[in-house]
Amino acid sequence: MTLSTMLSTMAAGMLRTCGIFLLTLVGSLPLGMIVALLRKSRFSVVRLLIRAYISVIRGTPLMLQLLVWYFGPYYLFGWSIRGWRFPALIIGFVLNYAAYFAEIYRGGIESIPVGQYEACEVLGYSKSQTFMRIILPQVIKRIMPSVTNEVITLVKDTSLAFTLAYQEVFSLAKQISASQTSFAPFVIAGVFYFIANYAVAFAMERIEKALDYYR
Amino acid sequence: MIIEMKNIRKEFDGLEVLKDISFGVDNGEVVSIIGPSGSGKSTLLRCATFLETIDGGEIVYMGEKAAHTDESGRAVYVHPKELRRFRSYCGLVFQQFNLFPHYSVLKNLTDAPIEVQHRSREEAEATAMELLGKMGIADKAKAYPYQLSGGQQQRVAIARALAMKPQILFFDEPTSALDPELTGEVLKVIRQLAEEKMTMVVVTHEMPFAKAVSNRVIFMDGGVIVEQGDPREVFENPREERTKQFLRVFER
């Protein structure tokens, strides 16, 4: 295998990695907010379920969770779903990251001084206006550093997709390395991950800068 | 009467903070509430502005009942939709300003009028600029709260409350977070509002201010109104021993 075929194969794998990454963010960023809000629900059953969900997700390895999502339907219900690999992967990632984002959001929401809510109440804002117009924008600014951390971790966590033999860049690196008895694929994969994270850090920094107009 | 509060009772975890308090404020009147901390002054304001719910008694705005006590002795409020109307009658200025940090000064003043009262942007901005001019900070319209001094922030907060065109404005220790120099500039705008016959209730520790500006002074202690009346009467000839004792501290 020439270096250029190796590179192009792995670049295709990197695209799949980016696919997992983007789909996970698109799913887990909003889902995390819903989870964070449900965690403060009026109904104690809902609160309890959400806490259990967060605690299970945080208390078990993501790799294990992926395997459960992939094999669970068959072993638990005898279902064999065609093309289940990718959906299982995305479900596993989204539900995992949503739990972590939910905790970040919760911390952000709780850090907003109660005076902000009281000012809104006196001015007659509705509950949803208060949240969307006054609280959420301030929460987003406050949680940006923690979210950046989590997003960078996600870039690297996508490599866990190898457990389900999904052909993203890390799985390919392992396979090619074994078949070609070469160390190069790992170096290439490392460079790809590093570039991806460099881009992520750059983008997040831009967003933080854009929110720097107030304190 | 703009507001009448009758036989207000409020407790926190079994501790009675307001014990059967009654008071009213006439149109154009300026009332100062003084008293030691923990006397229930702030709680009274928070009940009047619906930040706290009363346990018993009656709150009447412009002759309309916002809350009353039913046969079982519990306080009942009007429907939340109705309550929003009552909320629009009153404004509150906080000790800690509570401006919205992510909004410019102008947006702090126009957001609620536009979003809550559905007024036009042009009208809201015109009102806001006029108010900022009155507060002497028209040049700060585009600034963000963190760029302002405490005194300027509090004047923005007063303007924000006035932008809602309330019938009555409550102040909860508006100068307690400010140093003496900045206190002066905030008291000046409150005094100016008093001259324009804005109806106001001010919880304050600024005795000379209370004496000079208000039409009536209320001294509260231990959840009751100990004494009230003409400011000169209360300050110079207090009837109650407790009032004398409290005022003596300020003479030093």
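In this predicted model, the hairpin formed by strands S4(B) and S5(B) has two residues between its strands, and Met62(B) takes a positive phi near 50° there. The two arms of the hairpin, S4(B) and strand S5 (residues 64–69) of chain B, pair in the antiparallel sense over three bridges. Within this pairing, Ile59(B) of the one strand has Ala67(B) in S5(B) as its bridge partner.

The other neighbour of S4(B) can be followed from the same residue. Strand S1 (residues 3–12) of chain B runs antiparallel to S4(B), and five bridges join the two. Ile59(B) serves here as the bridge partner of Met5(B), while Ile3(B) stands opposite Tyr61(B), which also belongs to S4(B).

What, then, is the surrounding of S4(B) like, enclosed or open? Six of the six residues of this strand (residues 56–61) are buried, so S4(B) is largely enclosed by the rest of the structure; the cut-off that this reasoning rests on is a relative accessible area under 20%. Looking at the side chains by direction, one finds that Gly56(B), Glu58(B) and Val60(B) point one way from the strand, that Gly57(B), Ile59(B) and Tyr61(B) point the other way, and that all of them are buried.

The wider sheet gives this strand its setting. Strands of a sheet pair through backbone hydrogen bonds, in either a parallel or an antiparallel manner. In chain B, five strands make an open sheet with antiparallel pairing, in the order S2-S1-S4-S5-S6. Strand S2 (15–25) and strand S6 (75–77) of chain B stand at the edges with a single partner strand each, and therefore one side of each is left without a neighbour in the sheet. From one strand to the next, the twist averages 20°.

Two helices of chain B lie across strands of this sheet, and S4(B) is among the strands named for each of them. Helix H1 (residues 41–48) of chain B lies across S1, S2 and S4 of chain B and runs at about 120° to S1(B). Helix H2 (residues 80–89) of chain B, in turn, lies across S4, S5 and S6 of chain B, and its direction is at about 115° to S5(B).

Chain A is built from helices, for it has eight helices and zero strands, and its elements accordingly read α-α-α-α-α-α-α-α from the N terminus on. The C-alpha trace of chain A spans about 70 × 45 × 25 Å along its principal axes, and of its 215 residues 43% count as buried. Among contacts in chain A between residues at least 6 apart in sequence, 75% join residues at least 24 apart. The chain exposes about 11600 Å², of which carbon and sulfur atoms supply 69%. As for charge, chain A has 19 positive and 10 negative side chains, and the centres of these two sets lie 6 Å apart.

One residue of chain A may be examined in its own right. Leu29(A) lies in helix H1 (residues 3–38) of chain A, and because its relative accessibility is 28%, Leu29(A) counts as partly exposed. Which residues does Leu29(A) touch, not counting residues up to four places away in sequence? They are Thr24(A), Phe101(A) and Tyr105(A). Between Leu29(A) and Val56(A), which are 27 residues apart in sequence, the C-alpha to C-alpha distance is 19 Å.

Notes:
Residues numbered from 1 in each chain as written. Chains lettered and ligands numbered in written order. Predicted model: local features only at pLDDT ≥ 70, side-chain atom pairs only at ≥ 80, totals over all residues. Heavy atoms only, no water. Buried < 20%, exposed > 50% of the residue type's maximum accessible area, 1.4 Å probe, protein only. Helix = DSSP H or I, 4+ residues; strand = E, 2+ residues; numbered from the N terminus. Pairing = 2+ DSSP bridges. Contact = heavy atoms within 4.5 Å. Areas by Shrake-Rupley, 256 points an atom, 1.4 Å probe, with all protein chains shown as cover. Lys, Arg positive; Asp, Glu negative; His and termini not counted. Charge placed at Lys NZ, Arg CZ, Asp CG, Glu CD. Axes fitted to C-alpha atoms, helices over the stretch in contact; angles between N-to-C directions.
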